[in-house]
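Trainee: I am new to this structure. Please pick out one helix and take me closely through the places where it meets its neighbours.

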Amino acid sequence: MPKVKRRPDKFDRMRVLLMGQRELLGMSYEELGTKVGSATGTVHNRLHHPENMTVGELCRFARALEIPADDFRAAIPMY
């Protein structure tokens, strides 16, 4: 069977930024869920699939994870 390569996704930068900042702050999914106002499972799903986030959720995650606006704007994919 041939090797399968994962194709780059347009949301990879957003995913790396969100998950990396969570790790950098040492924040668990539960703590982030409390700050964002969502259930732990929802937080996990949103971080792994940022394409499913609403604009409001994106803003809440950026504030909770203390992501600078310029870094956050740079990670948003343009169509």
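Mentor: What follows is a look at helix H2 and its surroundings, after a few words on the whole protein. This is a predicted model, in which local features need pLDDT of at least 70 and side-chain atom pairs count only at pLDDT 80 or more, while totals for chains, interfaces and linings use all residues. Residues are numbered from 1 along each chain as its sequence is written, and side-chain values use heavy atoms, with hydrogens and water left out.

The protein has five helices and zero strands, so its pattern along the sequence reads α-α-α-α-α. Here helices (H or I, at least four residues) and strands (E, at least two) are DSSP runs, numbered from the N terminus. Along its principal axes the C-alpha trace spans about 45 × 25 × 25 Å. Of the 79 residues, 35% count as buried; buried means under 20% relative accessible area, exposed means over 50%, and partly exposed lies in between (1.4 Å probe, protein chains only). Among contacts between residues at least 6 apart in sequence, 64% join residues at least 24 apart, where contact means heavy atoms within 4.5 Å.

Now to H2 and its packing against H3. The axes of H2 and H3 come within 8 Å and cross at roughly 95°, which makes H2 roughly perpendicular to H3. Axes are lines fitted to C-alpha atoms, for helices over the stretch in contact, and angles run from 0 to 180 degrees between N-to-C directions. Angles under 35 degrees count as roughly parallel, over 145 as roughly antiparallel, 65 to 115 as roughly perpendicular, and the rest as oblique. From H2, the residues Tyr29, Glu30, Leu32 and Gly33 meet Thr40, Val43, His44, Leu47 and His48 of H3. By class, this contact has four nonpolar, four polar and one charged residues. Ala, Val, Leu, Ile, Met, Phe, Trp, Tyr, Cys and Pro count as nonpolar, Asp, Glu, Lys and Arg as charged, and the others, Gly among them, as polar.

The loop between H2 and H3 holds Ser38. Ser38 touches Gly33, Val43 and Arg60, leaving aside residues up to four places away in sequence. Gly33 and Val43 also take part in the meeting of H2 with H3. Ser38 and Glu57 are 19 residues apart in sequence, and their C-alpha atoms are 9.4 Å apart in space.

The next partner is H4. H2 (residues 29-36) and H4 (residues 55-64) pack at an angle of about 120°, with their axes 9 Å apart. The two helices are therefore oblique to each other. Their crossing is right-handed; a crossing is left-handed if the near helix is turned anticlockwise from the far one by less than a right angle, and right-handed if clockwise. Leu32, Lys35 and Val36 of H2 make the contact with Arg60, Phe61 and Ala64 of H4. By class, this contact has four nonpolar, no polar and two charged residues. Arg60 is also one of the residues that Ser38 touches.

Leu32 appears in the contact with H3 and in the contact with H4. Leu32 also has a place in the largest nonpolar core, a set of buried Ala, Val, Leu, Ile, Met, Phe, Trp, Tyr and Cys residues joined through side-chain atoms within 4.5 Å. Of the 18 residues in this core, Leu18, Leu32, Leu47, Phe61 and Phe72 touch the most other members. Helix H1 (12-25), H2, H3 (40-48), H4 and H5 (69-75) each supply at least two residues of this core. The largest share, four residues, comes from H4. Phe72 touches Met14, Leu17, Leu18, Leu58, Ala62 and Ile67, not counting residues up to four places away in sequence.

H1 also reaches Leu32, through Arg22. Arg22 lies in H1 and is buried, with a relative accessible area of 8%. Arg22 touches Met27, Ser28, Tyr29, Leu32, Leu47 and Leu65, again not counting residues up to four places away in sequence.

Two residues elsewhere on the partner helices complete the picture. Asn45, in H3, is partly exposed, with a relative accessible area of 43%. Cys59, in H4, is partly exposed too, at 34%.
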